[in-house]
Every structure is written in structure tokens, then in C-alpha cells.
Amino acid sequence: MPPPARQPPRHPALKRLGARIRHLREGRGLSQEVLADKAGVGRSYMSGIERGVRNCSTLHLLKVAKALHVKAADLFLE
């Protein structure tokens, strides 16, 4: 059996961004799947963003912000 795939190291900034998106999503009562659908990304991709293992593009961040009905800058507030 091959060894399990290693996850890339999580950069602190990506972890903070992911935690902020999760906080906003949960505050709106949305599941990860519903937010991913509204943003036009896959659920596993959204999971990676929230876990801080995906370094997503600006376009994806804009789509996530729109799906959450917030300004893109609000994704970076702590």
C-alpha cells in the first residue's frame, strides 16, 4: 500500500483566510456545499480553501465574496 499523500504546508495567511470564510459561511447558516455551489467551485476545493491548503486565485476569492454577500476586503478582516 502506498504511503498517504502529504498535504502541502499551510501558510498562516491562508489559514486565517480560510477561517474567516468558514466563520462568514457558518454565520449565514450555509453548508460548505451550498457556498461552493453559489461560488461556482467544487466542494472539495472550498474545503481546501477553508482548511488553508488551497492558495486560490483572486477570481475565486471574488466569487466566494459575492456568494457570501460581502466585499472581497471583508474576507481579510480578523
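A crossing of two helices is termed left-handed if the near helix is turned anticlockwise from the far one by less than a right angle, and right-handed if clockwise. By this criterion the crossing of H2 and H4 is right-handed, helices being DSSP runs (H or I, at least four residues) numbered from the N terminus. The structure is a predicted model, in which local features need pLDDT of at least 70 and side-chain atom pairs count only at pLDDT 80 or more, whereas totals for chains, interfaces and linings use all residues. Residues are numbered from 1 along each chain as its sequence is written, and side-chain values use heavy atoms, with hydrogens and water left out.

The axes of H2 (residues 32–39) and H4 (residues 58–68) come within 8 Å and cross at roughly 115 degrees, where axes are lines fitted to C-alpha atoms over the stretch in contact and angles run from 0 to 180 degrees between N-to-C directions. Leu35, Lys38 and Ala39 of H2 meet Lys63, Val64, Ala67 and Leu68 of H4, contact meaning heavy atoms within 4.5 Å.

Within H2, the buried residues (under 20% relative accessible area, 1.4 Å probe, protein chains only) are Gln32, Leu35, Ala36 and Ala39. Seen down the axis of H2, these fall within an arc of 100 degrees, and they therefore line one face of the helix, the arc being that of the directions from the helix axis to the C-beta atoms. The face turned away from this buried side carries Glu33 and Asp37, which are exposed, that is, over 50% by the accessibility criterion. The cover over the buried residues of H2 includes H1 (12–27), H3 (43–51) and H4.

How values were computed
Helices (H or I, at least four residues) and strands (E, at least two) are DSSP runs, numbered from the N terminus.
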